[in-house]
Amino acid sequence: AGQLGSGIVTPDVLKHSPLVPKCYGTVSYDNSTPSVTGGFNVQGVTQTDGTDNDRTIQFTTDLAGSDYTVLVTQQYNNSTANRYPFVKTKSQTGFTISGKDGDGGSAAYSLNFVVFGSTYAS
């Protein structure tokens, strides 16, 4: 039960499945110095606008294209949080996420992200 045919799922097949996360982590918005914690397939993160709203995540291993989905949620310990996170751009090498009034100088604000739906570049 639970298996199709007589085969097994090898790590290589699983690695390239669109249902397996290709990248994930939590990016900070603290005093214009972005960082990623708990990250997988994250080479780095940079602030990419002059208003502290945007963060660009670069993949360690590029994806096959930009046909992937980025899920973004906010993490903020304030009951009046109004950050409205969204995905701004996507490419084979990474993506940019943004949050309204991004930085605010508070280490309490961060965005969680996970990437699904593509394969790694060959």
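**A four-stranded sheet around β7**

Strand β7, which spans residues 94–98, is mostly covered, with five of its five residues buried, where buried means under 20% relative accessible area, exposed over 50% and partly exposed in between, as probed with a 1.4 Å sphere on protein chains only. The model is a predicted one, in which local features need pLDDT of at least 70 and side-chain atom pairs count only at pLDDT 80 or more, whereas totals for chains, interfaces and linings use all residues. Residues are numbered from 1 along each chain as its sequence is written, and side-chain values use heavy atoms, with hydrogens and water left out.

The cover of β7 extends to both of its faces. In a regular strand the side chains alternate between the two faces of the sheet. On one side of β7 lie Gly-94, Thr-96 and Ser-98, on the other Phe-95 and Ile-97, and all of these are buried.

The sheet to which β7 belongs is open and consists of four strands in the order β3-β4-β7-β6, with antiparallel pairing. Strands here are DSSP runs of E with at least two residues, helices are runs of H or I with at least four residues, and both are numbered from the N terminus; two strands pair if DSSP finds at least two bridges between them. Because β3 (42–47) and β6 (86–90) each have a single partner strand, they stand at the edges of the sheet, and one side of each is left without a neighbour there. Neighbouring strands of this sheet are turned by 25° against each other on average, direction ignored, with axes taken as lines fitted to C-alpha atoms (for helices over the stretch in contact) and angles running from 0 to 180 degrees between N-to-C directions.

The individual pairings can be followed across the sheet. From the β3 edge, β3 pairs with β4 (residues 54–59) in the antiparallel sense over five bridges, and Val-45 stands opposite Ile-57 in β4. Strand β4 is in turn joined to β7 by five bridges, again antiparallel, with Ile-97 in β7 as the bridge partner of Arg-55. On the far side, β6 and β7 pair in the antiparallel sense over four bridges, and they form a hairpin with three residues between them; here Val-87 stands opposite Ile-97.

Side chains also link parts of this region. Asp-54 is found in strand β4 and, at 4% relative accessibility, counts as buried. Its side chain makes a polar contact of 2.6 Å with the side chain of Lys-88 and another, of 2.7 Å, with the side chain of Ser-98. A polar contact is a pair of N or O atoms within 3.5 Å; within protein, one must be able to donate a hydrogen and the other to accept it, and residues adjacent in sequence count only if both atoms are side-chain atoms.

A further buried polar residue is Thr-26, which has its place in strand β1 (residues 23–28) and a relative accessible area of 19%. The side chain of Thr-26 makes a polar contact of 2.8 Å with the side chain of Asn-112. Leaving aside residues up to four places away in sequence, Thr-26 touches several others, including Ser-35, Gln-75 and Phe-113, where contact means heavy atoms within 4.5 Å.

For the protein chain as a whole, the secondary structure comes to one helix and eight strands, in the sequence pattern α-β-β-β-β-β-β-β-β. Buried residues make up 35% of its 122 residues, and of the contacts with a separation of 6 or more, 61% are between residues 24 or more positions apart.
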